[in-house]
Amino acid sequence: MSSLEIRDLHVAIDSKEIVKGLSLTINSGEVHAIMGPNGTGKSTLSKAIAGHPDYRITQGDVLLDGRSILELEPDERARAGIFLAFQYPSEIPGVSIANFLRAAVQARMAEGEELEATAYYKRLYQKMDMLKIDRKFTSRSVNDGFSGGEKKRCEILQMAMLEPKFSLMDETDSGLDIDALRIVAEGVNTLRGPGLGVLLITHYQRLLNYIIPDQVHVMYDGRIVKTGDKSLALELEARGYDWVKTELAHA
Ligand code: ADP
Ligand code: MG
C-alpha cells in the first residue's frame with residue numbers, strides 16, 4: 001500500500017504565491033477529486049507535484065510513501081510512481097504511439113536493462129484489450145490530429161502502460177466533450193484498483209457522475225476549504241462555488 005501526502009504545500013510562480021498551504025493525503029486504491037473555480041491553483045498544484053521547473057515550492061512537502069520527492073527531478077518522480085496526465089497533451093508527428101510508449105517504458109527500467117520487444121507488445125496489447133482500444137490506434141503518430149477523445153485515450157493508455165502508484169489527472173476547463181469525458185471515466189474506472197491512487201482535478205461535476213470519488217475537496221484561493229464525499233460535488237453543482245465563498249466569509 002502506498003501513500004501520497006501533500007503537507008502544508010505552498011507554491012509560487014515567479015514571486016506570486018498561488019498554492020497557499022494545502023494538505024491532502026491519498027492512499028492507493030482511493031480516488032480523490034479536487035474541484036474549484038478557475039484560477040484557484042488546481043493546475044499549479046498538479047504541476048508542482050510532478051516537478052515542473054516554473055512552479056517553485058516555497059514551503060511544505062510532498063511525500064511518497066513517507067519520503068519527500070521534492071529533491072527529485074521530474075523523470076525521477078515519474079519513475080518513483082507519479083504520473084501526470086496532461087490537460088493539453090503535445091502532438092508528436094512521426095512518432096507512433098507504439099514507439100513512444102516503448103521508449104517511455106524503457107526509460108523507466110533500470111540502467112542496462114533492455115525491454116524485450118515481444119514482451120512489450122504482449123503487454124501493450126493486453127492493456128489495449130482491457131481498455132477496449134483498437135489495435136490500429138498505436139500505429140498513429142502521438143496526438144497528431146487527434147480529437148479530444150483520442151488524446152484522452154492516448155493519455156489513459158500511457159497511464160495503463162506505466163502503471164503509476166499515483167495518477168494526477170487535470171481535466172479542468174479543457175472543454176471536455178461528452179466523448180472525451182466518457183473515455184476518461186471508463187479508463188479510470190478500468191484502471192482503478194488497490195495499486196493506484198488518483199487525484200482527479202475537474203470543475204465539471206458531470207465527470208463525477210461517471211467516476212465516483214472516495215473524497216471530494218473544494219479548492220479555493222490556493223487552499224482546500226471543504227472536504228466531503230461525492231454528495232459534496234452534487235451540492236456544488238446545485239449551489240455553485242459562491243456558496244463556499246460565503247460560508248468562508250462567515251467562518
Ligand atoms: P486553475 O487550474 O485552478 O484554474 P491555475 O493553477 O491554472 O488555476 O492558475 C492559478 C493562478 O496562477 C492564476 O492566477 C494563473 O494566472 C496563474 N498561473 C498559472 N500558471 C502560470 C504561469 N505559468 N505563469 C504565470 N502565472 C500562472
Ligand atoms: Mg487548471
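In this predicted model, the residues around ligand 1 are Ile13, Lys16, Ile18, Pro37, Asn38, Gly39, Thr40, Gly41, Lys42, Ser43, Thr44 and Tyr55. Sorted by class, this shell holds 4 nonpolar, 6 polar and 2 charged residues.

Oxygen atoms of ligand 1 lie a short way from polar atoms of residues in the shell, as the following distances show. For Gly41, a polar backbone atom is 3.0 Å from an oxygen atom of the ligand. For Lys42, the atom concerned belongs to the side chain: a polar atom there lies 2.9 Å from an oxygen atom of ligand 1. For Ser43, the backbone is again involved, with a polar atom 2.9 Å from a ligand oxygen atom. Ligand 1 taken alone exposes 560 Å², and the protein buries 63% of that area. Two or more residues of the shell come from each of strand E2 (16–27) and helix H1 (42–50). Of the elements, H1 gives the most to the shell, with 3 residues.

Strand E2 also takes part in a sheet. This sheet is open and has 4 strands in the order E2-E1-E4-E5, with antiparallel pairing. E2 and strand E5 (67–68) stand at the edges of the sheet, and each has a single partner strand, so one side of each is left without a neighbour in the sheet. At the E5 edge, strand E4 (residues 55–64) runs antiparallel to E5 and is joined to E5 by 2 bridges. Within this pairing, Leu63 stands opposite Ser68 in E5.

A further strand, E3, spans residues 31–35 and includes His32. The relative accessible area of His32 is 0%. A residue counts as buried under 20%, so His32 is buried. The side chain of His32 makes a polar contact of 2.8 Å with the side chain of Glu30. When residues up to four places away in sequence are not counted, His32 touches Leu24, Thr25, Ile26, Val198, Leu199, Leu200, Gln215 and His217. Among these contacts, Leu24, Thr25 and Ile26 fall within the range of strand E2 (16–27).

Methods:
Residues are numbered from 1 along each chain as its sequence is written. Chains are lettered from A and ligands numbered from 1 in the order in which they are written. This is a predicted model: local features need pLDDT of at least 70, side-chain atom pairs count only at pLDDT 80 or more; totals for chains, interfaces and linings use all residues. Side-chain values use heavy atoms; hydrogens and water are left out. A residue is near a molecule or strand if one of its heavy atoms lies within 4 Å of it. A polar contact is a pair of N or O atoms within 3.5 Å; within protein, one must be able to donate a hydrogen and the other to accept it, and residues adjacent in sequence count only if both atoms are side-chain atoms. Accessible areas come from the Shrake-Rupley method with a 1.4 Å probe; for residues, only the protein chains shown count as cover. Ala, Val, Leu, Ile, Met, Phe, Trp, Tyr, Cys and Pro count as nonpolar, Asp, Glu, Lys and Arg as charged, and the others, Gly among them, as polar. Two strands pair if DSSP finds at least two bridges between them. Buried means under 20% relative accessible area, exposed over 50%, partly exposed in between (1.4 Å probe, protein chains only). Contact means heavy atoms within 4.5 Å.
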